[in-house]
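Please look through the structure shown here with its charged side chains in mind, and follow the paragraphs below from one pair to the next.

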Amino acid sequence: MKKVIIFILVIMLSININVLGATKTTIKKSKVTNNNDIFYYKVSLNLIEQTKQFINVCEESDDELEIEDCITTLENALTASNIINYAKLKIKDKAKVKDIEKRVKALNIEKCIQKAKQKVNTIIAEKERKAFLEAEQRKEEIKKNREFYQDEVIRLVNEERVKNGLKPLVKDARLMQSAKLKAEDMAVNNYISHTSTTPGLENLLNIYKVVGIKYFSAAGENLALGFTNAEAVMQGWMSSEGHRKNILTPEYTKIGVSLDVGKKGELYWVQHFLTESNE
């Protein structure tokens with residue numbers, strides 16, 4: 001598409017092209033002018049045909065990006081004024097110029113651009129509507145199966161720990177709550193990070209305070225975004241050195257897991273680890 005636009009601009013701006021090359025002095029000036037008019041008239045007709053093609057794409061395509069590319073071309077290269085001015089500059093025969101003007105006006109380029117922009121907005125709105133509905137469906141699914149997903153992650157964590165000669169972790173209600181707070185915060189605010197701007201949830205230490213965990217000798221947090229099930233997110237964590245280290249840290253004794261759904265249906269996963277101490 002960009003190559004086409006550049007080609008069009010070259011045609012529109014190259015006002016000093018010597019089409020006929022060197023001509024013999026015996027050729028009459030009127031004949032040269034006539035030949036020039038024929039050539040530039042054909043070029044102008046070709047520009048009109050290209051404009052029709054872009055307009056057809058705008059009318060027939062359901063791809064908003066393709067339509068937006070065509071709109072860009074129609075607004076910046078194949079404008080009515082560009083084509084008409086080109087014809088006026090290059091063609092001496094006024095009748096041919098008037099014919100070009102008539103053909104260009106018949107295209108009603110500006111109206112086509114406005115309709116194309118409305119179509120793009122409609123397509124985007126429909127996609128957003130579908131994404132919203134899918135997200136809502138996903139949220140309902142997670143609500144129904146949240147406990148299963150969470151317990152499945154914990155089961156897979158302990159499976160990996162046993163494989164590596166480590167004691168399984170114990171599911172802890174407070175860590176389940178802290179992981180839930182973190183997952184909800186990321187889903188609502190559309191981010192994935194160990195730090196947050198939400199008061200009380202700025203970091204893992206503050207989150208633990210919120211759920212009543214005061215004393216501990218070791219703590220860790222794993223986060224993930226976009227994985228669709230427990231097996232997938234665990235594979236992702238185990239493939240990452242830092243996350244794998246948290247899962248296989250010998251000192252950890254307790255675990256909490258949660259997940260939540262973002263605005264577009266994406267899943268936010270959280271693991272919280274802890275080694276509690278008396279003081």
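A residue is called buried when its relative accessible area is under 20%, exposed when that area is over 50%, and partly exposed in between. The model is a predicted one, and with this scale in hand we can ask where its paired side chains lie. Aspartate 93 has a relative accessibility of 29%, so this residue counts as partly exposed. Its partner in a salt bridge is lysine 96, with the closest N and O atoms 3.4 Å apart, and lysine 96, at 22% relative accessibility, is likewise partly exposed.

Side chains of opposite charge can pair when their charged atoms come close. The structure holds 17 salt bridges, and a second example is found where arginine 155 meets glutamate 152, with 2.7 Å from N to O. Both of these residues belong to helix α6, which covers residues 109-163, and they are three residues apart, which is about one turn of the helix. Arginine 155 is partly exposed, because its relative accessibility is 40%, whereas glutamate 152 is buried, because its relative accessible area is 12%.

A third salt bridge joins the side chains of aspartate 172 and arginine 174, at 3.3 Å from N to O. Is aspartate 172 buried or exposed? With a relative accessible area of 10%, aspartate 172 is buried, while arginine 174, at 24% relative accessibility, counts as partly exposed. This pair also belongs to a network of salt bridges, in which Asp172, Arg174, Lys254 and Glu276 are linked.

Key:
Residues numbered from 1 in each chain as written. Predicted model: local features only at pLDDT ≥ 70, side-chain atom pairs only at ≥ 80, totals over all residues. Heavy atoms only, no water. Salt bridge = Lys/Arg side-chain N within 4 Å of Asp/Glu carboxyl O. Buried < 20%, exposed > 50% of the residue type's maximum accessible area, 1.4 Å probe, protein only. Helix = DSSP H or I, 4+ residues; strand = E, 2+ residues; numbered from the N terminus.
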